[in-house]
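Here's a quick tour of a protein model for anyone who wants to know how it packs before doing anything with it. Have a look at the structure first, then read on.

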Amino acid sequence: MSRTGQRHPHRLWLRLLVAASGMALGVAVLAAGPASAATKHATHTVQTGENLTTIAERYGVSTADLITLNHLADPNHLLVGRILLLPSQSRSSSASASSDSSASDSSSSSSSSDASPTVENQPWFTLTAAQRRAVSRELTRAAHEFGVSVSLLKALTYTESRWRQDVVSVTGAIGVGQLLPSTAAWLAQLMGEPDLSPYVRKDNIRMSAFLLRWLLDHTHSRRAAIASYYQGVGAVLQTGVSDGGALYASTVSYRRIWFF
């Protein structure tokens with residue numbers, strides 16, 4: 001998910017483990033926070049490629065008002081499908097808001113560590129059927145190559161990008177796995193394949209699968225590994241899974257049922 005361009009030191013989330021080699025690793029991810037619909041407010045459902053700034057500009061409101069109204073603990077992480085309340089002075093109507101809210105999957109209204117995951121009936125793609133089949137095959141091959149669950153890798157990358165290789169966040173995260181260039185460079189070296197490129201879909205998918213394997217090996221917990229993709233493995237190992245990380249992990253885990 002696209003994010004505002006503000007600097008976030010915690011995004012260099014492997015600094016505790018790779019600082020000695022001078023490498024910084026980060027992954028741009030979709031994240032979640034509390035939002036609930038209220039009848040007195042119009043709403044907007046976050047779409048792939050949007051961030052808080054573009055949403056604020058669309059409705060003629062300030063990002064500060066959106067942050068306050070939706071109780072956003074980290075405004076630079078918006079989960080695709082999340083429903084945001086809009087300030088009453090926004091350029092919106094209840095009718096358009098209702099239509100917008102039904103256009104995508106809904107988001108959980110709680111940010112507590114035991115929050116329920118987003119409940120959806122099926123995945124929602126903007127890819128063609130042929131594109132989905134091609135990405136699905138590449139994800140399956142990569143999952144087998146690196147010994148990770150096919151359904152987990154597919155759910156994780158779906159949550160990241162809806163499997164779109166053309167998505168580039170405002171902070172430069174790229175493709176299906178939403179890898180920052182620094183992340184991709186680190187992974188390519190670690191994999192012994194320095195020519196891998198995050199701009200090539202097959203490479204992006206393979207690096208994402210390798211990263212998931214790495215996180216599983218270093219956290220020794222599927223929940224913690226998924227949360228680390230969002231929260232940062234350094235933070236998870238140091239302070240544990242955060243509320244946002246827990247909700248992200250729950251959402252990804254729920255979405256696995258689509259890809260068995």
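## Packing around Leu153

Beyond its neighbours within four places in sequence, Leu153 is in contact with Leu139, Ala142, Ala143, Val148, Ser208, Ala209 and Leu212. It's a handy place to start, since Leu153 is listed with Trp163 and Met207 as the residues with the most contacts inside the largest nonpolar core, a set of 42 residues. Helix 5, helix 6, helix 7, helix 8, helix 9 (222–231) and helix 11 (243–255) each give two or more residues to this core. Helix 8 is the biggest giver, with 9 residues. There's also a second, separate core of 12 residues, and Leu52, Ile55, Ala56 and Leu84 are among its members.

## The whole chain, and how far to trust it

Keep in mind that this is a predicted model. Mean pLDDT for the protein is 76, with 71% of the residues at 70 or more. Helix 5 (residues 129–146) has the highest confidence, at 98, while helix 1 (residues 15–18) has the lowest, at a mean of 37. Two stretches call for a flag. Residues 1–39 have a pLDDT below 50, and in the model this stretch makes 137 contacts beyond near neighbours in sequence. Residues 93–119 are also below 50, with 61 such contacts in the model.

The protein has 11 helices and 2 strands. Read from the N terminus, the elements go α-β-α-α-β-α-α-α-α-α-α-α-α. Of the 260 residues, 57% count as buried. Taking contacts between residues at least 6 apart in sequence, 67% join residues at least 24 apart. About 10900 Å² of the protein is exposed, and carbon and sulfur atoms supply 52% of that.

## Helices 6 and 8

How many of the 12 residues of helix 6 are buried? The count is 12 of 12, so to speak a full house. The list is Val150, Ser151, Leu152, Leu153, Lys154, Ala155, Leu156, Thr157, Tyr158, Thr159, Glu160 and Ser161. These buried residues pack against helix 5, helix 8, helix 9 and helix 11. The geometry checks out too: at 1.5 Å a residue, the 12 residues should span 16 Å, and the end C-alpha atoms of helix 6 are 16 Å apart. Just past the end of helix 6, Arg162 has a positive phi of about 60 degrees.

Helix 8 (residues 201–219) has 19 residues and reaches 27 Å from its first C-alpha to its last, close to the 27 Å expected at 1.5 Å a residue. Helix 8 is mostly covered, with 14 of its 19 residues buried. After helix 8 comes His220, whose phi is positive, near 60 degrees.

## Three buried polar residues

Which residues does Glu138 contact, leaving aside its neighbours within four places in sequence? The partners of Glu138 are Arg201, Lys202 and Ile205. Glu138 is found in helix 5. Glu138 and Ile205 are 67 residues apart in sequence, yet their C-alpha atoms are 7.2 Å apart in space.

Ser136 is found in helix 5. Not counting residues up to four places away in sequence, Ser136 touches Lys154 and Trp163.

Gln165 is placed in the loop between helix 6 (150–161) and helix 7 (181–190). Its side chain reaches the backbone nitrogen of Val176 at 3.2 Å. A polar atom of that Gln165 side chain also lies 3.4 Å from the backbone oxygen of Tyr199. Leaving aside neighbours within four places in sequence, the contacts of Gln165 are Ile174, Gly175, Val176, Pro198, Tyr199, Val200, Arg201 and Asn204.

Why do these three count as buried? The cut-off is under 20% relative accessible area, and here are the values:

| Residue | Relative accessible area |
|---|---|
| Glu138 | 15% |
| Gln165 | 18% |
| Ser136 | 19% |

Glu138 counts as buried because its 15% is under 20%. Gln165, at 18%, is buried for that reason, and Ser136 is buried at 19%.

Terms used: Residues are numbered from 1 along each chain as its sequence is written. This is a predicted model: local features need pLDDT of at least 70, side-chain atom pairs count only at pLDDT 80 or more; totals for chains, interfaces and linings use all residues. Side-chain values use heavy atoms; hydrogens and water are left out. Helices (H or I, at least four residues) and strands (E, at least two) are DSSP runs, numbered from the N terminus. The expected span of a helix is 1.5 Å times one less than its number of residues. Buried means under 20% relative accessible area, exposed over 50%, partly exposed in between (1.4 Å probe, protein chains only). A polar contact is a pair of N or O atoms within 3.5 Å; within protein, one must be able to donate a hydrogen and the other to accept it, and residues adjacent in sequence count only if both atoms are side-chain atoms. Contact means heavy atoms within 4.5 Å. pLDDT is the predictor's confidence in each residue, from 0 to 100. A nonpolar core is a set of buried Ala, Val, Leu, Ile, Met, Phe, Trp, Tyr and Cys residues joined through side-chain atoms within 4.5 Å. Accessible areas come from the Shrake-Rupley method with a 1.4 Å probe; for residues, only the protein chains shown count as cover.
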